[in-house]
Amino acid sequence: MKLALASLALLALASLSSAQGGIRNSAHDFANKNWNQKPGEICGVCHIPHVEGRINTRTGNGLLWGRSLSTQTNYTLYSSPTLVGTIVQPQGSTKLCLGCHDGSVALEEHANFSGTGTNFISGGKKVPGLPSSGAGTDFSDTHPVSINYVAGTSTNLRVTTSPFGSGTIADALENGNVECRTCHDVHDKDVGTGAKDLLRIRN
């Protein structure tokens, strides 16, 4: 029993070390930001290791998410006459990303923060097409997200076993859908690809 617990602890530490190794000095390394409620911490900006610190406005999924969710609900979705697949309102990890990237939630609203935040993401760090400041909901001028991936329906939609970043397309999909994390590795583990903006592959 003790050996099993020790093994699990070592696996957890290895996983944490791997995540920090990629995210350190990346666009998502917030350890030294003045708005960080846990100065010096990288993981604590987005995650809570224990559920008792989570408040009602935060999601209770398996990611131990510790940030407030976006307050926006009715986004204007992308559309195109050549679009393949069905787009729905942002869901899954995309909804988590929008907690920062649609400009509706202050950056310091994580962990046990209970005040009114004043630092919001702006400019080029927001979803492309949204206004450079303030909250935005119009996705009609950017690429589709929260859309099902229908492999083989065009030359651009390769089979899901095709290589993609450090894994395959299937690895990057979320319940068969393209979400933010499909193209962007939030922990920047695909650091050898030569890509930027946390992209899994070079654009």
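Student: What share of the 203 residues in the protein is buried?
Tutor: Buried residues make up 37% of them. The word means a relative accessible area under 20%, while exposed means over 50% and partly exposed lies in between (1.4 Å probe, protein chains only). This is a predicted model, in which local features need pLDDT of at least 70 and side-chain atom pairs count only at pLDDT 80 or more, while totals for chains, interfaces and linings use all residues. Residues are numbered from 1 along each chain as its sequence is written, and side-chain values use heavy atoms, leaving out hydrogens and water.

Student: How do you know where the predictor's confidence is lowest and highest?
Tutor: We look at pLDDT, the predictor's confidence in each residue, from 0 to 100. Its mean is 79 for the protein, with 79% of residues at 70 or more. The lowest confidence is in helix 1 (residues 2-23), at a mean of 47, and the highest is in strand 4 (residues 177-178), at 94. Over residues 1-19 pLDDT stays under 50, and the model has three contacts there beyond four places in sequence; a contact means heavy atoms within 4.5 Å. Where pLDDT is low, the predicted coordinates should not be read in detail.

Student: What makes a stretch count as a helix or a strand?
Tutor: Both are DSSP runs numbered from the N terminus: H or I over at least four residues for a helix, E over at least two for a strand. The protein has four helices and four strands, in the order α-α-β-β-β-α-β-α from the N terminus.

Student: Why is Ser-26 called buried?
Tutor: Its relative accessible area is 14%, so Ser-26 falls below the limit and counts as buried. Ser-26 sits in the loop between helix 1 and helix 2 (92-101). Leaving aside residues up to four places away in sequence, Ser-26 touches Asp-188 and Leu-198.

Student: Why is Asn-25 called exposed?
Tutor: Asn-25 has a relative accessible area of 72%, which is over the limit, so it is exposed. Asn-25 is also in the loop between helix 1 and helix 2. Asn-25 and Asp-188 are 163 residues apart in sequence, and their C-alpha atoms are 9.8 Å apart in space.

Student: Why is Gly-92 called partly exposed?
Tutor: At 40% relative accessible area, Gly-92 lies between the two limits, so it is partly exposed. Gly-92 belongs to helix 2.

Student: What is notable about the phi of Ser-146?
Tutor: Ser-146 has a positive phi of about 60° although it is not a glycine. Ser-146 lies in the loop between helix 2 and strand 1 (147-148), and its relative accessibility of 1% makes it buried.

Student: Is Asn-175 buried or exposed?
Tutor: Exposed, because its relative accessibility is 76%. Asn-175 is in the loop between helix 3 (169-172) and strand 4. Its phi is near 55°, a positive value in a residue other than glycine.

Student: What makes the lining of the largest cavity seven nonpolar, one polar and no charged?
Tutor: The lining residues are Leu-77, Tyr-78, Ile-87, Pro-90, Phe-139, His-143, Pro-144 and Val-145. Ala, Val, Leu, Ile, Met, Phe, Trp, Tyr, Cys and Pro count as nonpolar, Asp, Glu, Lys and Arg as charged, and the others, Gly among them, as polar, so His-143 is polar.

How values were computed:
1 Å grid on protein atoms, 1.4 Å probe; cavity = no way out; pocket = protein on both sides within 12 Å on 5 of 7 lines; lining within 4 Å.
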